[in-house]
Amino acid sequence: MTVSANGRAVIRQALANAGIPSGVYYDPPLSGLSYLAHKQQNRCPSADQLAREMIALPCHHKLSKEDVKQISLELAGVLIASLLKTSS
């Protein structure tokens with residue numbers, strides 16, 4: 001499962017502090033690879049944004065319903081705290 005979020009590093013650190021691993025996909029995005037530099041006219045701004053914001057959450061056959069609940073609660077708490085911080 002993936003989520004897209006601003007402040008990805010902060011969110012990933014908070015999840016790690018709660019014992020929840022997370023990952024990053026497409027970093028750097030394809031448009032950022034040196035061997036594709038000559039193709040800069042084919043930039044993909046949406047893909048670049050997703051590559052900066054995407055967070056991969058645990059998703060495997062050994063996750064229990066309780067694991068999913070815990071991951072969801074932790075993520076919701078981090079996102080709510082982030083929203084409260086930016087709105088104040």
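Here, a residue counts as buried when its relative accessible area is under 20%. By that cut-off, Ile71, Leu75 and Val78 are the buried positions to look at in helix H3. Keep in mind that this is a predicted model. Helices H1 and H3 come up again and again below, so here's a quick tour of both, plus the core they feed into.

**Helix H1**
- H1 covers residues 8–17, and its buried residues are Arg8, Ile11 and Leu15.
- Looking down the axis of H1, those buried residues sit within an arc of 70°, so they line one face of the helix.
- Flip to the face turned away from that buried side and you find the exposed residues Ala9, Val10 and Asn17.
- As for partners, the buried residues of H1 pack against helix H2 (45–53), strand E2 (54–56) and helix H3 (65–87).
- Just after H1 comes Gly19, which has a positive phi of about 80°.

**The largest nonpolar core**
- This core has 8 residues in all: Ile11, Leu15, Ile20, Ile55, Leu57, Ile71, Leu75 and Val78.
- H1 and H3 are the elements that each give two or more residues to the core.
- H3 supplies the largest share, with 3 residues.
- In soluble globular proteins, nonpolar side chains tend to be buried together.

**Helix H3**
- H3 has 23 residues, and at 1.5 Å a residue it should span 33 Å.
- The end C-alpha atoms of H3 are 33 Å apart, which agrees with that expected span.

Terms used:
Residues are numbered from 1 along each chain as its sequence is written. Side-chain values use heavy atoms; hydrogens and water are left out. Buried means under 20% relative accessible area, exposed over 50%, partly exposed in between (1.4 Å probe, protein chains only). Helices (H or I, at least four residues) and strands (E, at least two) are DSSP runs, numbered from the N terminus. The arc is that of the directions from the helix axis to the C-beta atoms. Contact means heavy atoms within 4.5 Å. A nonpolar core is a set of buried Ala, Val, Leu, Ile, Met, Phe, Trp, Tyr and Cys residues joined through side-chain atoms within 4.5 Å. The expected span of a helix is 1.5 Å times one less than its number of residues.
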